[in-house]
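Me: I am new to this structure and should like to be guided through it by questions and answers. Please give the reasoning behind each reply.

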Amino acid sequence: NVALCPTIAAGESIMKYNGWQKGKDPDPTRIVNKKMSMKAAIQAGVHIIAGGDVGVFEHGENVLELELMVEYGMPINDVLRSVTSGNAEVFQLKNLGQVREGYLADLVAVEGDPSTDISVLREVTLVIKDGKPVFRKLK
């Protein structure tokens, strides 16, 4: 009854602050170990949830954690589940994490299909909070 919250973006951000250049420099031991632990957790069926330690990297860049979870081998639909119903389940929030009658639901619409490209979560077009639109991207 324990979940893994890998906070991959925090680790990568710290390494970048220390001079590591992703894609140019070899992965440092910290990154190699994180990739191996994620692979092992996924293969073992460990319940993985999404976090991020926002503040270690720029606010508003929370999608980075989800992108890295995919990059590290987690299937996209599992990542999407982890950041919604998965987190609600682990934190025993009985009225969150699903779009259902009686549930609290803040909804986000994006440009594209996040189940095929997680990065489209960066293209928010509509946010609904408490049943009311609070953000709408004008075209």
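Me: Is Lys 137 buried, partly exposed or exposed, and what is its relative accessible area?
Reply: The model is a predicted one. Buried means under 20% relative accessible area and exposed means over 50%, with partly exposed in between. Lys 137 counts as partly exposed, and its relative accessible area is 42%.

Me: Which residue forms a salt bridge with Lys 137?
Reply: Lys 137 lies in the segment after strand E5 (132-136), and its partner lies in the loop between E3 and strand E4 (124-129), 14 residues apart. The closest N and O atoms of the pair are 3.8 Å apart, within the 4 Å that a salt bridge allows. The partner is partly exposed, with a relative accessible area of 37%. This residue is Glu 123.

Me: How many helices and strands does the protein chain have, and in what order do the elements run?
Reply: The protein chain contains four helices and five strands. Read from the N terminus on, the order of the elements is β-α-α-β-α-α-β-β-β.

Me: What share of the residues in the protein chain is buried?
Reply: The C-alpha atoms of the protein chain fill a box of roughly 45 × 40 × 25 Å, taken along the principal axes. The chain exposes about 9000 Å², of which carbon and sulfur atoms supply 54%. Of its 139 residues, the buried share is 28%.

Me: Which residues are joined into one network by salt bridges that share partners?
Reply: Lys 22 and Glu 12 meet through their side chains in a salt bridge of 2.9 Å, N to O. Lys 22 also forms a salt bridge with Glu 71, where the closest N and O atoms are 2.9 Å apart. Lys 22 takes part in both pairs. The network therefore joins Glu 12, Lys 22 and Glu 71.

Me: How many residues apart in sequence are the parts that the pair of Glu 71 and Lys 22 ties together?
Reply: Glu 71 forms a salt bridge with Lys 22. Glu 71 belongs to helix H3, whereas Lys 22 belongs to the loop between H1 and H2, so the parts tied together are apart in sequence by 49 residues.

Me: Is Glu 12 buried or exposed?
Reply: Two partners in salt bridges serve as background: Lys 22 is partly exposed at 32% relative accessibility, and Glu 71 is partly exposed at 46%. For Glu 12, the relative accessible area is 3%. Buried means under 20%, so Glu 12 counts as buried.

Me: Which residues of the largest nonpolar core touch the most other members?
Reply: This core has 22 residues. H1, H2, H3 and H4 each supply at least two of them, and H3 gives the most, with four residues. The residues that touch the most other members are Leu 66 and Met 69.

Me: Which residues does Leu 66 touch, not counting residues up to four places away in sequence?
Reply: Leu 66 is a member of the largest nonpolar core. Once residues up to four places away in sequence are set aside, the residues that Leu 66 touches are Ala 50, Val 79, Val 83, Ile 118 and Leu 121.

Me: At which residue does H4 bend?
Reply: The buried residues of H4 are Ile 76, Val 79, Ser 82, Gly 86, Asn 87 and Ala 88. These buried residues pack against strand E2 (47-48) and helix H3 (63-71). The bend of H4 is about 50°, and it occurs at Ser 82.

Me: Which residue just after H4 takes a positive phi?
Reply: The phi in question is about 55°. The residue that takes it is Gln 92.

Me: Which residues make the nonpolar surface patch of about 420 Å²?
Reply: One of them, Leu 96, is placed in the loop between helix H4 (76-90) and strand E3 (107-110). Leu 96 is partly exposed, with a relative accessible area of 31%, and patch residues need over 30%. The patch is made by Val 90, Phe 91, Leu 93, Leu 96 and Leu 104.

Me: What distance separates the C-alpha atoms of His 47 and Gly 23?
Reply: His 47 is found in strand E2 and is partly exposed at 28% relative accessibility. Its contacts include Val 2, Gly 86 and Val 90. His 47 and Gly 23 are 24 residues apart along the chain, and their C-alpha atoms are separated by 29 Å.

Conventions
Residues are numbered from 1 along each chain as its sequence is written. This is a predicted model: local features need pLDDT of at least 70, side-chain atom pairs count only at pLDDT 80 or more; totals for chains, interfaces and linings use all residues. Side-chain values use heavy atoms; hydrogens and water are left out. Patches are made of residues with over 30% relative accessible area and no salt bridge: like charges are joined within 9 Å, nonpolar side chains (Val, Leu, Ile, Met, Phe, Trp, Tyr) within 5 Å. Accessible areas come from the Shrake-Rupley method with a 1.4 Å probe; for residues, only the protein chains shown count as cover. Helices (H or I, at least four residues) and strands (E, at least two) are DSSP runs, numbered from the N terminus. Buried means under 20% relative accessible area, exposed over 50%, partly exposed in between (1.4 Å probe, protein chains only). The bend at a residue is the angle between axes fitted to the seven residues ending there and the seven starting there. Contact means heavy atoms within 4.5 Å. A nonpolar core is a set of buried Ala, Val, Leu, Ile, Met, Phe, Trp, Tyr and Cys residues joined through side-chain atoms within 4.5 Å.
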